[in-house]
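This report is meant for a reader who has not met the structure before. Please look at the sequence and the model first, then read on.

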Amino acid sequence: MKKVIEINNLNTEFGEKQILKDVSIDVRENEVLVILGGSGCGKTTLLKHIIGLHLPVSGSIKIFEQEIIGMDEGEFDNTLKKMGVLFQNGALLNSLSIRENVAIPIRQHTDLSEEIVQRLVRTKLHLVDLDEAIDMSPSQLSGGMRKRAALARAIALDPVLLFCDEPTAGLDPVTSAAIDGLIKKLNVQLNMTVVVITHELASIHRIADRVVFLDDGKVLFFGKFEDARNSKISQINNFFQKGIF
Ligand SMILES: Nc1ncnc2c1ncn2[C@@H]1O[C@H](COP(=O)(O)OP(=O)(O)OP(=O)(O)O)[C@@H](O)[C@H]1O
Ligand SMILES: [Mg+2]
């Protein structure tokens, strides 16, 4: 199966502290890969490396078979256009309406006419079932609606690759299930390859094809979800039994 991302021997440090330690993983075309691990183990940092927000100390990251570390900005912009990101805190701009928030990546990466921009915004908001919220501000939305609006923004340009950092954290079970359903729909119906960071057991059951389990910055397990569930490694076993790291 084709690898859309290939990461080899990635190392990160913040000051004296080593965060990621020799991380090697890949993402296959059209899978949902879930990244698991305790708070502070380096999941968001790994995502930041992939989307070019933070440089690792050493290692290689290939996206669509091209090395992105050391790539010039113009060239990386072409890669970035094919990726959508739902950030951990949603990161909607409070001073802008939902309409304007979803339009941000479209305006940033294309010079489409205003009419087309508006059509794309409406299509994406419809896909996440937020048609009525188009002229609201983020502060007028519930937590689950904010996540869906951020998801609409992440998929505004029909990315080949979608990243979701804790898409269901802090949501009630019904809303979480709806968000997971949307993620699966984007994966199955729109052929997006999806990388999800989550620690919610129910979500993992619903969406994961493969999982990466990070422990203290190292890859403790990387493979099929079924194999992770049957793992004899105590931390992993503990997580799947009790839902805690
Ligand atoms: N910009 C930064 N400067 C210094 N330290 C940082 C920075 N970003 C992250 N860290 C540190 O790196 C470690 C990993 O952070 P990261 O955000 O990747 O964790 P995480 O696995 O996503 O955790 P959580 O599940 O809580 O979101 C933490 O110890 C954090 O304090
Ligand atoms: Mg995080």
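What follows describes the domains, their interface, the salt bridges and a few single residues.

The model is a predicted one, in which local features need pLDDT of at least 70 and side-chain atom pairs count only at pLDDT 80 or more, while totals for chains, interfaces and linings use all residues. Residues are numbered from 1 along each chain as its sequence is written, chains are lettered from A and ligands numbered from 1 in the order in which they are written, and side-chain values use heavy atoms, with hydrogens and water left out.

**Domains and their interface**

The protein chain is assigned domain 1 (3-82 + 163-242) and domain 2 (96-158); such bounds come from an automatic or database domain assignment. Taken over C-alpha atoms, the centres of domain 1 and domain 2 are 24 Å apart. Domain 1 gives 14 residues to the contact and domain 2 gives 11 residues, where contact means heavy atoms within 4.5 Å.

The size of an interface is often given as the accessible area lost when the parts come together. Between domain 1 and domain 2 about 1100 Å² is buried, and 76% of it is on carbon and sulfur atoms. Buried area here is the accessible area (1.4 Å probe) that two parts lose on being put together, summed over both. Within domain 1, the residues that lose the most area to domain 2 are Lys 81, Leu 182 and Leu 186, which together make up 38% of what that side buries.

The rule finds 0 salt bridges across the interface of domain 1 and domain 2. A salt bridge is a side-chain nitrogen of Lys or Arg within 4 Å of a carboxyl oxygen of Asp or Glu. Across the interface of domain 1 and domain 2 there is 1 residue pair in polar contact, both residues being at pLDDT 80 or more. A polar contact is a pair of N or O atoms within 3.5 Å; within protein, one must be able to donate a hydrogen and the other to accept it, and residues adjacent in sequence count only if both atoms are side-chain atoms.

On the side of domain 1 that touches domain 2, helix 6 (residues 173-188) supplies the largest share, 5 residues. Helices (H or I, at least four residues) and strands (E, at least two) are DSSP runs, numbered from the N terminus. By class, that side of domain 1 has 9 nonpolar, 1 polar and 4 charged residues. Ala, Val, Leu, Ile, Met, Phe, Trp, Tyr, Cys and Pro count as nonpolar, Asp, Glu, Lys and Arg as charged, and the others, Gly among them, as polar.

**Salt bridges**

By the rule given above, the count comes to 11 salt bridges. The table lists some of these pairs.

| Pair | Closest N to O distance |
|---|---|
| Lys 21 and Asp 216 | 3.2 Å |
| Arg 99 and Asp 135 | 3.0 Å |
| Arg 107 and Glu 100 | 3.2 Å |

Lys 21 is in the loop between strand 3 (17-18) and strand 4 (23-28), and Asp 216 is in the loop between strand 11 (210-215) and strand 12 (218-224), so the pair links distant parts of the chain, 195 residues apart. Asp 216 is partly exposed, with a relative accessible area of 48%. The terms for exposure are buried (under 20% relative accessible area), exposed (over 50%) and partly exposed (in between), with a 1.4 Å probe and protein chains only.

Arg 99 lies in helix 3 (residues 98-109) and Asp 135 in the loop between helix 4 and helix 5, so this pair ties together parts that are 36 residues apart in sequence. Asp 135 is exposed, at 52% relative accessible area. Arg 107 is partly exposed at 35%, and Glu 100 is partly exposed at 27%. A network of salt bridges links Lys 3, Glu 6, Asp 26, Glu 31 and Arg 210.

**Single residues and helix 1**

Ser 137 sits in the loop between helix 4 (114-127) and helix 5 (143-154). Ser 137 is buried, with a relative accessible area of 18%. The side chains of Ser 137 and Ser 139 are joined by a polar contact of 2.8 Å.

Asp 158 is found in the loop between helix 5 and strand 9 (161-165) and is partly exposed at 48%. A polar contact of 2.7 Å joins its side chain to that of Lys 124.

In helix 1 (residues 43-50), 6 of the 8 residues are buried. Just after helix 1, Gly 52 has a positive phi of about 75°.
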